[in-house]
Amino acid sequence: MSGQQPSETSSASAALKRFAAPLAMVVSLALATGAGAAVIRPAAPAEAVEPGVPVVTLTFDDGNIDQLLGAEILDRHGLDGTFYVQSGALNMEGYLATSDLTRLQNAGHEIGSHTTGHVDLSSVSTDEAIRQACTDRANLADLGFVTTSLAYPYAGFSEAAREAVEECGFNSARLLGDLQSPDGCTDCPPTESIPPLDPFALRAPAQVSEGWTLEDLKGLVTQAQDAGSGWMPITFHR
């Protein structure tokens, strides 16, 4: 992987293996003919692919370099994901390069925004929130990537954050932790609705973490299946 020192190779390889196995499994589960779920491109769906069939999408936040392995897994299955990147980290060590984004886009993946500097938009002024969101979108557009969706860093949401996202021309923005998941919110809905209840506060389960088990990942897919309809956005970081 570009930018890594030789001393980091073994630990990076181990991290990639930890990342690859659960992602490959959840892709296989969602693709299985008996899963009763459609895997589609993750822009906020306006309507279900098929009445009564839930939608599963796979998204990746932060723009870490090891997410290229996730893209390879999706490509092998003919699937597209959304990669939410922070333009301020592009081409830095440990993060995706501009050339990586070009390859992702050419392969059919969606490039989304994650603010310029991974800033919690709920913790700053409206002006700063607008600057973070608009500058990121402009930076990515200058590089040839037209972004329509944003993922709130730290799931930080407020009316100022919403105002910033709308002001900058996005058509949707995603939260985390507002659907049932292994990390809690047992009284939350099992899936986001289609169309979403609020396109600028898209609900999603908690992010997939290293402590999750195979059963946890399987549970998200079957949770959507059991709900019979709706949208299950699954989010990976490292």
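**Exercise 1. Asn91: buried or exposed?** Work out which label fits Asn91 from its relative accessible area.

*Solution.* Start with the number: Asn91 has a relative accessible area of 51%. Exposed means over 50%, so Asn91 is exposed. Next, find its place: Asn91 sits in the loop between S3 and H3. Finally, look at its backbone, where Asn91 has a positive phi of about 70° although it is not a glycine.

Keep in mind for everything that follows that this is a predicted model.

**Exercise 2. Do the same for Asp62.** Find where Asp62 is and decide whether it is buried or exposed.

*Solution.* Step one: Asp62 belongs to strand S2. Step two: its relative accessible area is 14%. The limit for buried is under 20%, so Asp62 counts as buried. Step three: Asp62 isn't a glycine, yet its phi is positive, at about 95°.

**Exercise 3. Get an overview of the chain.** Describe the make-up of the protein chain and say how far its pLDDT lets you trust it.

*Solution.* First, count the elements: there are 6 helices and 7 strands. Going from the N terminus, their order is α-β-β-α-β-α-β-α-β-α-β-α-β. Of the 238 residues, 49% count as buried.

Now for the confidence. The mean pLDDT of the chain is 85, with 79% of the residues at 70 or more. Over residues 1-19, though, the pLDDT is below 50, and this stretch has 21 contacts beyond near neighbours in sequence. Residues 30-35 also have a pLDDT below 50, with 11 such contacts. Where pLDDT is low, the predicted coordinates should not be read in detail.

**Exercise 4. Check helix H4.** Test whether the length of H4 fits its number of residues, then find out which side of H4 is buried.

*Solution.* Begin with the length. H4 covers residues 126-142, which makes 17 residues. The expected span is 1.5 Å times one less than the number of residues. That gives 24 Å, and the end C-alpha atoms are 24 Å apart, so the two agree.

Now the sides. The buried residues in H4 are Ala129, Ile130, Gln132, Ala133, Asp136 and Leu140. These cover an arc of only 165° around the axis, so they lie on the same side of H4. Why can residues spread along a helix share a side? An α-helix has 3.6 residues a turn, so residues three or four places apart point the same way. On the other side of H4, Asp127 and Asp142 are exposed.

What does the buried side pack against? Its partners are strands S3, S4 and S5 along with helices H3 and H5. Just past the end of H4, Gly144 has a positive phi of about 100°.

**Exercise 5. Follow Gln132 and Thr115.** Show how these two residues link H4 to the loop before it.

*Solution.* Gln132 is in helix H4 and is buried, with a relative accessible area of 5%. A polar atom of its side chain lies 2.9 Å from the backbone nitrogen of Gly117. Leaving aside neighbours within four places in sequence, the contacts of Gln132 include Thr115, His118 and Leu121.

Now switch to Thr115, in the loop between S4 and H4. Thr115 is buried, with a relative accessible area of 0%. Its side chain reaches the backbone nitrogen of His118 at 2.9 Å. Besides Gln132, Thr115 touches residues including Asp136 and Pro153.

**Exercise 6. Place His109.** Which side chain makes a polar contact with the side chain of His109?

*Solution.* His109 is in the loop between H3 and S4, and it's buried, with a relative accessible area of 2%. The partner is Asp75: a 2.7 Å polar contact joins the two side chains. The side chain of His109 also reaches the backbone nitrogen of Gly81 at 3.0 Å. Lastly, the C-alpha atoms of His109 and Thr82 are 5.9 Å apart, although 27 residues separate them along the chain.

**Exercise 7. Explore the nonpolar core.** Which residues of the largest nonpolar core touch the most other members?

*Solution.* That core has 26 residues, and the ones touching the most other members are Leu101, Leu104 and Ile234. H6 gives the largest share, 4 residues. Take Leu101: beyond neighbours within four places in sequence, its contacts include Val85, Ile111 and Phe145. In soluble globular proteins, nonpolar side chains tend to be buried together.

Methods: Residues are numbered from 1 along each chain as its sequence is written. This is a predicted model: local features need pLDDT of at least 70, side-chain atom pairs count only at pLDDT 80 or more; totals for chains, interfaces and linings use all residues. Side-chain values use heavy atoms; hydrogens and water are left out. Buried means under 20% relative accessible area, exposed over 50%, partly exposed in between (1.4 Å probe, protein chains only). The arc is that of the directions from the helix axis to the C-beta atoms. Contact means heavy atoms within 4.5 Å. pLDDT is the predictor's confidence in each residue, from 0 to 100. A nonpolar core is a set of buried Ala, Val, Leu, Ile, Met, Phe, Trp, Tyr and Cys residues joined through side-chain atoms within 4.5 Å. A polar contact is a pair of N or O atoms within 3.5 Å; within protein, one must be able to donate a hydrogen and the other to accept it, and residues adjacent in sequence count only if both atoms are side-chain atoms.
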